[in-house]
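Could you take me around this model in the viewer, one selection at a time? I would like to know what to click on next and what is there.

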Amino acid sequence: MTSKTRWLALVLATSALVGCKAVGPNFHPPAPPTATGYLMPGDAPSDIARLTPDVRVAGAWWKGLGSAKLDRVMDQALAGNQTVAAANASLEQLRQLTKAARGGQMPQVDLNGGLEEERINIQSLGFTGFPNPTLGLYQIGGTVSYDADLFGGLRRTTEAAAAHAENQARQADAAYLTLTGQTAMAAVEIATARGQIAAAEQTIAEDGKLLDVVHQAEGAGGEAPSATVSVRAQLAQDEAVLPPLRQQLAQARHALAQLVGEAPADWTAPDFDLKDFTTPVEAPVSLPSSLVRRRPDILAAEATLHEATAQIGVASAAMYPDIKLSASIVQTAIPTANLFTYAASGWTLASGVTAPVFHGGTLKANKKAAQAAALAALAQYRGTVIAAFTQVADVMSSITEDDAELAALGHAEGAAAAALKDDEVAFKLGGGALLPVLDDERNLQLARRARVLEQGRRLADVATLYVATAANWRDPKS
């Protein structure tokens with residue numbers, strides 16, 4: 001058998017082995033959870049959350065809040081936020097690295113060429129009287145190399161790289177959801193702060209009216225001068241409420257500017273009001289078994305588990321023999337006219353086998369380390385699932401309590417307003433004292449601010465429910 005025949009036989013045998021199954025475990029997604037709901041037994045059910053086996057909470061989820069101002073700001077945030085830009089760039093990097101890893105499984109072909117100029121010293125050879133000639137040596141050729149990957153080490157490496165890219169893709173999805181959620185929260189915080197400021201200013205205006213009434217009573221001799229001092233003290237206390245609220249408003253506006261990728265001095269936040277938002281009567285929520293197949297952070301944890309599982313195969317393949325094939329051809333000639341003739345050609349065919357014999361236990365230790373990493377990734381995946389279910393349960397319970405508290409605060413505000421009206425009328429008619437009026441004003445102010453704060457909290461909880469159960473917003477079909 002000639003050398004060519006032997007090498008061809010080796011290539012054919014190796015090609016037959018390439019189709020062998022890659023060593024190491026094949027990845028299978030974890031089984032879906034058996035839970036059919038989120039709330040703990042004894043928790044009050046949420047009126048707004050409706051569990052459904054097939055829900056499509058994707059796309060622009062924030063449009064469910066019904067604010068055109070928020071829609072415009074969200075477009076700016078998605079276009080200009082730097083965290084999202086970094087996530088997208090990292091995703092593109094990993095996609096290209098996955099292509100590079102996949103290319104490593106293919107034959108590697110390279111071309112090479114060269115030109116050498118050499119002046120021969122004839123006298124050094126013992127000849128005199130002859131000129132030293134200058135010769136040009138031309139060379140062109142190519143090489144081909146191929147790793148047979150008999151036990152799938154390269155295939156598992158590519159699989160791990162693809163899973164890592166998938167992880168980054170899901171993290172990018174999570175970054176979009178986080179950004180949209182934070183943007184909505186900042187808008188709600190602006191609206192809530194503005195609502196509380198409006199309530200405080202209304203109280204201050206009512207203090208001014210009461211001060212006028214007291215002045216009139218003093219002039220008529222029905223009140224002592226100390227009454228004016230009491231009302232002025234009340235007015236000062238109510239005015240002291242405004243600076244902290246204005247600071248909260250400024251911070252929320254600045255935070256929104258950062259989210260849209262602008263410096264506060266270069267961008268002006270809209271004047272959101274709570275009345276700009278509408279909350280849905282009903283929000284569909286996917287069942288736990290569906291949520292684990294849709295929520296980005298869970299899918300990212302699943303991709304991490306996939307990558308760790310593939311790394312077991314990489315470590316396992318390193319314990320087995322590996323065959324590499326190579327071939328090269330080169331054309332070498334002094335005159336260029338002979339460069340492409342058969343006489344100027346040369347070639348080599350080579351094959352090599354590497355089989356691990358003794359590595360001091362390193363290869364086995366690497367495999368066990370990869371197995372331990374996969375177990376850790378599985379635990380992290382399960383923890384991510386439990387944390388997601390807990391978040392959904394928390395926000396569903398919060399919305400239930402928000403509704404109850406809003407109803408109670410509405411009654412409290414109405415009662416405080418009615419009491420203030422009665423005591424003011426009695427005071428003006430001279431049949432009542434000033435102190436009950438001041439107490440009623442205090443109660444009404446607290447009730448107003450509490451109701452506004454609770455309205456903002458419920459709106460924020462509804463937005464959180466959307467984010468907690470949303471899928472990739474960029475894919476309306478996901």
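Start by selecting Asp71 and showing its neighbours: leaving aside residues up to four places away in sequence, Asp71 touches Trp62 and Lys63. Keep in mind as you look around that this is a predicted model. Asp71 sits in helix 2, which covers residues 68-80. Is Asp71 buried or exposed? With a relative accessibility of 17%, Asp71 counts as buried, because the cut-off for buried is under 20%.

**Next stop: the rings**

From Asp71, move to its contact Trp62 and add Trp61 to the selection. A pair of aromatic rings is described by the distance of the centres and the angle of the planes. Trp61 and Trp62 form an edge-to-face pair, with 5.9 Å from centre to centre and 80° between the planes. Trp61 is buried at 3% relative accessible area, and Trp62 is buried at 2%. Now add Tyr466, since ring pairs link Trp61, Trp62 and Tyr466 into a cluster.

The model has five aromatic pairs. Another of them to select is Tyr38 with Phe389, also described as edge-to-face: 5.6 Å centre to centre and 80° between the planes. Tyr38 lies in the loop between helix 1 (3-18) and strand 1 (49-52), while Phe389 is in helix 9 (residues 362-428), so this pair ties together parts that are 351 residues apart in sequence. Both Tyr38 and Phe389 are buried.

**Then: the charged pairs**

How many salt bridges does a search of the whole structure find? It finds 18, and three of them make good stops.

Select Glu166 and Arg170, whose closest N and O atoms are 2.8 Å apart in a salt bridge. These two residues are four apart in helix 4 (residues 153-219), which means about one helical turn separates them. Glu166 is partly exposed at 34% relative accessible area, and Arg170 is partly exposed at 24%.

Go on to Arg155 and Asp149, a salt bridge with its closest N and O atoms 3.2 Å apart. Arg155 is partly exposed, at 24%, whereas Asp149 counts as buried, at 8%.

**Last stop: a network**

Finally, select Asp271 and Arg194, where the closest N and O atoms of the salt bridge are 3.8 Å apart. This pair links distant parts of the chain: Asp271 is in the loop between helix 6 (242-259) and strand 4 (283-286), and Arg194 is in helix 4, 77 residues apart. Add Arg253 and Asp273 to see the whole group, as salt bridges with shared partners join Arg194, Arg253, Asp271 and Asp273 into one network.

Terms used: Residues numbered from 1 in each chain as written. Predicted model: local features only at pLDDT ≥ 70, side-chain atom pairs only at ≥ 80, totals over all residues. Heavy atoms only, no water. Phe/Tyr/Trp six-rings, centres within 6.5 Å; stacked < 30°, edge-to-face > 60°. Buried < 20%, exposed > 50% of the residue type's maximum accessible area, 1.4 Å probe, protein only. Contact = heavy atoms within 4.5 Å. Salt bridge = Lys/Arg side-chain N within 4 Å of Asp/Glu carboxyl O.
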